[in-house]
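Hi,

Here is the structure I promised to pass on to you. Please open it alongside this email, and have a look around before you read my notes.

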Amino acid sequence: MSKVKVGIVQMTCVADKQQNLQKAIVKVREAAAKGAQIVCLQELFTSLYFCDEENYDNFKLAESIPGPSTDELSKVAGELGVVIIASLFEKRAQGVYHNTTAVLDADGAYLGKYRKMHIPDDPGFYEKFYFTPGDLGYKVFKTKFATIGVLICWDQWYPEAARITSLMGAEILFYPTAIGWATTQDEATNVKQYNAWQTIQRSHAVANGVHVVSVNRVGEEAGVKFWGGSFFADPFGELLHQTTVDEEEVIVKELDLDKSDYYRSHWPFLRDRRIDSYQPITKRLLDND
């Protein structure tokens with residue numbers, strides 16, 4: 001299909017998992033009613049962003065994938081005929097947990113999962129305490145409506161992740177996200193951080209000639225104001241839509257996937273890649289150590 005309608009759900013969360021899941025389902029239904037064929041939910045949408053602290057009790061939030069949440073979302077996907085991209089806290093085994101996104105096709109089929117590869121560790125974002133780095137590699141999913149790539153939050157700062165996923169055939173890169181400002185931070189710094197976050201992702205669209213869809217949460221949690229600002233960018237990085245920084249929103253935009261061929265032909269970055277010269281990228285630093 002050359003054109004696909006993509007919905008994003010930007011919402012606040014509470015402590016109760018089932019309440020968040022049901023809220024997300026209501027909003028998926030809203031997106032479908034607006035014509036969405038693919039709906040992307042934000043990172044870890046079934047809970048508050050628990051990585052603000054290192055607390056062993058938070059491991060109780062995790063679940064198997066496939067599991068209870070994907071089972072419920074699969075029914076909704078099949079009923080509505082929409083693809084659902086669902087970011088969840090995965091319990092893989094005792095003591096092994098991942099930050100994982102499941103993809104459910106429009107007939108309700110579970111297509112698979114992507115485990116977050118890049119794991120941050122910063123004040124208020126103690127993800128290394130909870131998440132084992134992904135070991136499935138980068139993934140694409142051939143859904144009914146498009147071949148999609150899914151990366152997660154901190155992955156969005158790494159051009160290598162976007163490049164590899166695009167080279168695998170992704171027509172759209174989705175970034176479920178949970179990122180915000182410290183409530184004590186000044187407005188000028190807030191603006192700089194948001195602009196950097198959006199710019200790096202729009203650059204992935206330009207470099208790879210693909211649409212980019214980034215979905216963030218809103219609301220204040222434990223001294224962090226999640227900044228929303230979810231957006232759609234076309235394959236030349238043009239901003240198609242940007243949400244507010246403080247409101248829940250369900251937005252649906254039609255993406256023309258044929259634009260990738262147009263931009264890749266007129267700006268042939270993939271054609272001119274010097275793949276014979278890129279071996280040094282596998283080194284941490286080029287300092288001979």
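Below are my notes on the interior, the charged pairs, one loop residue and the surface.

One thing to keep in mind throughout is that this is a predicted model.

**The interior**

Let me start with the largest nonpolar core, which has 42 residues. The residues with the most contacts inside this core are V4, V6, I38, I148, I172, F174 and V213. Which strand gives the most to the core? That is strand 8, spanning residues 172-176, with four residues. A separate core of 23 residues lies apart from it, and M11, C13, A31 and L73 are among its members.

V6 is a good place to centre your view. Setting aside residues up to four places away in sequence, V6 touches A36, I38, I172, F174, V213, F232, I251, V252, K253 and L255. I38, I172, F174 and V213 in that list also belong to the residues with the most contacts inside the largest core.

**Charged pairs**

How many salt bridges does the structure hold? There are 16, and I picked out a few for you.

The side chains of K17 and E63 form one of them, at 3.0 Å from N to O. This pair links distant parts of the chain, 46 residues apart: K17 belongs to helix 1 (residues 17-33), while E63 sits in the loop between strand 2 (38-41) and helix 2 (68-80). Are the two partners buried or exposed? K17 has a relative accessible area of 24%, so it counts as partly exposed. E63 is at 8% relative accessibility and is therefore buried.

Helix 1 takes part in another salt bridge through K27, whose side chain meets that of E248 at 3.7 Å, N to O. Because E248 lies in the loop between strand 14 (239-242) and strand 15 (249-256) and K27 in helix 1, the pair ties together parts that are 221 residues apart in sequence. E248 is partly exposed, with 32% relative accessibility, whereas K27 is buried at 13%.

The pair of E127 and K116 has its closest N and O atoms 2.8 Å apart. Both residues lie in the loop between strand 5 (110-115) and strand 6 (140-142), so this salt bridge ties together parts that are eleven residues apart in sequence. E127 is buried, with a relative accessible area of 1%, and K116 is buried with a value of 1% as well.

Besides these pairs, you will find a network of salt bridges that links E90, R92, K113, R115 and D135.

**A buried serine in a loop**

S47 is found in the loop between strand 2 and helix 2. With a relative accessible area of 4%, S47 is buried. What does S47 contact, leaving aside its neighbours within four places in sequence? Its contacts are C13, V14, N20, L61 and R217. C13 in that list is also a member of the 23-residue core.

**On the surface**

Finally, turn to the outside of the model. F236, W267 and F269 form a nonpolar patch there, and together they have about 280 Å² of accessible area. F269 comes from the segment after helix 5 (259-266). At 34% relative accessibility, F269 counts as partly exposed.

I hope these notes help you find your way around.

Best wishes

Notes. Residues numbered from 1 in each chain as written. Predicted model: local features only at pLDDT ≥ 70, side-chain atom pairs only at ≥ 80, totals over all residues. Heavy atoms only, no water. Patch = residues over 30% accessible without salt bridge, like charges linked within 9 Å, V, L, I, M, F, W, Y side chains within 5 Å. Areas by Shrake-Rupley, 256 points an atom, 1.4 Å probe, with all protein chains shown as cover. Salt bridge = Lys/Arg side-chain N within 4 Å of Asp/Glu carboxyl O. Helix = DSSP H or I, 4+ residues; strand = E, 2+ residues; numbered from the N terminus. Buried < 20%, exposed > 50% of the residue type's maximum accessible area, 1.4 Å probe, protein only. Core = buried A, V, L, I, M, F, W, Y, C linked by side-chain atoms within 4.5 Å. Contact = heavy atoms within 4.5 Å.
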